[in-house]
Amino acid sequence: MPWPEAGQPSEPEVPDPLVARLRAAGCVFAEEEARLLLEAADDDATRLEALVQRRVGGEPLEYVVGWAEFGGLRISVAPGVFVPRRRSVLLAREAATLAGTTTDRTAVVVDLCCGSGAVGALVAHAVPGIELYAADIDPAAVEVASVNIAPYAGHAFVGDLFDPLPASIKGRVDVVAANAPYVPSEAIALMPPEARDYEPLIALDGGEDGLAIQRRVAEAAVPWLAPGGALLIETSKQQASTTAALLKEAGLRTRIVRDPEIGGTVVIGQTMKGAP
């Protein structure tokens with residue numbers, strides 16, 4: 001499977017005062033961030049100062065430079081759109097593995113609650129030629145996702161969960177990869193300020209127990225799946241058993257996959273082959 005190599009950032013000479021300024025603002029990886037800001041400024045001192053002011057003011061680095069690294073890809077992001085997390089590479093990796101097993105036809109893949117479209121883009125990069133769809137309730141997210149999945153001929157739609165997807169793919173989706181919000185409402189206040197203060201609440205808040213959106217995804221997914229199709233939901237280690245129970249209640253054969261190195265947890269549910 002052709003996973004991308006991690007991109008190598010350019011190595012401009014980093015002025016010590018810039019590093020010190022970022023470090024004083026609490027940027028743990030100040031030297032690396034300084035290089036990325038210098039690269040984004042493109043030798044324009046005025047632009048560099050504007051970018052640095054945004055960063056030291058607490059704005060996420062990804063918003064400041066306009067992209068996030070995800071599984072070796074540069075994913076475009078914009079203020080107000082959920083920034084893809086490293087742990088979600090596990091979701092993309094497992095989705096790509098399943099999509100790659102569909103050898104008798106073109107695999108149909110849906111990136112649900114797609115945000116920036118990072119998961120769908122990485123799956124399409126790993127498994128060239130898939131039929132890719134993405135959906136999110138946030139129009140700003142779908143606008144960004146459209147850019148990120150365009151190189152793979154992907155289609156992005158605005159709407160609630162499966163509702164905006166074309167009826168023509170119902171019953172023939174091989175893989176649904178869902179990164180629905182799963183933070184319990186009361187825990188939002190405990191999140192890092194970069195997420196809590198800048199990312200949209202709709203992309204973070206999973207309701208009272210964190211599973212409100214996952215529950216709706218599990219209830220609605222099966223009619224969209226092809227025989228042998230799979231629903232993959234990113235969740236937390238603590239919530240995984242409950243997420244798995246939701247998929248079992250929907251009639252899916254369920255397993256849990258974890259990657260401690262990146263902190264990722266994914267629950268996978270599959271339909272029986274030969275049965276809808």
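This section describes the sheet, the helix packing and one pocket of a predicted model.

The strands considered here belong to an open sheet of 7 strands, arranged in the order β5-β4-β3-β6-β7-β9-β8 and joined by mixed pairing. The edge positions are taken by β5 (155–158) and β8, each of which has a single partner strand, so one side of each is left without a neighbour in the sheet. Averaged over the sheet, and with direction ignored, neighbouring strands are turned by 20° against each other.

At the β5 edge, strand β4 (residues 131–136) runs parallel to β5, and the two are joined by 4 bridges. Within this pair, Ala134 is placed opposite Ala156 of β5. At the β8 edge, by contrast, the pairing is antiparallel, with 7 bridges linking strand β8 (residues 253–259) to strand β9 (residues 264–270). Here Arg253 stands opposite Gln270 in β9. The strands β8 and β9 together form a hairpin in which 4 residues lie between them, and Gly263, which belongs to the turn, has a positive phi of about 75°.

Among the helices, the packing of three in the N-terminal numbering, α1, α2 and α3, can be described through the two pairs that involve α3. The axes of helix α1 (residues 16–24) and α3 approach within 9 Å and cross at roughly 25°. Because angles under 35 degrees count as roughly parallel, α1 and α3 are assigned to that class, and their crossing is right-handed. For helix α2 (residues 30–41) and helix α3 (residues 45–56), the axes come within 8 Å and the crossing angle is roughly 140°. This angle makes α2 oblique to α3, since the limit for a roughly antiparallel arrangement is set at over 145 degrees. The passage of α2 across α3 is likewise described as a right-handed crossing.

A further helix pair is formed by α9 and helix α10 (residues 240–249), which pack at an angle of about 25° with their axes 8 Å apart. The two helices are therefore roughly parallel to each other, and α9 passes α10 in a right-handed crossing.

Helix α9 also contributes to the second largest pocket, whose volume is about 540 Å³. The elements that give two or more residues to the lining of this pocket are α6 (118–126) and α9 (212–221). In total, 35 residues line the second largest pocket, and those lying nearest its centre are Cys113, Asn179, Ala180, Pro181 and Ala203. By residue class, the lining comprises 20 nonpolar, 6 polar and 9 charged residues. Helix α9 thus appears both in the lining of the second largest pocket and in the packed pair with α10.

Key. Residues are numbered from 1 along each chain as its sequence is written. This is a predicted model: local features need pLDDT of at least 70, side-chain atom pairs count only at pLDDT 80 or more; totals for chains, interfaces and linings use all residues. Side-chain values use heavy atoms; hydrogens and water are left out. Two strands pair if DSSP finds at least two bridges between them. On a 1 Å grid over the protein atoms alone, a cavity is a set of points where a 1.4 Å probe fits but cannot get out, and a pocket is an open set with protein on both sides within 12 Å along at least five of seven lines; lining residues have an atom within 4 Å of a point. Grid points are joined across faces, edges and corners, and a volume is the space filled by probe spheres set on the points. Ala, Val, Leu, Ile, Met, Phe, Trp, Tyr, Cys and Pro count as nonpolar, Asp, Glu, Lys and Arg as charged, and the others, Gly among them, as polar. Axes are lines fitted to C-alpha atoms, for helices over the stretch in contact, and angles run from 0 to 180 degrees between N-to-C directions. Angles under 35 degrees count as roughly parallel, over 145 as roughly antiparallel, 65 to 115 as roughly perpendicular and the rest as oblique. A crossing is left-handed if the near helix is turned anticlockwise from the far one by less than a right angle, and right-handed if clockwise.
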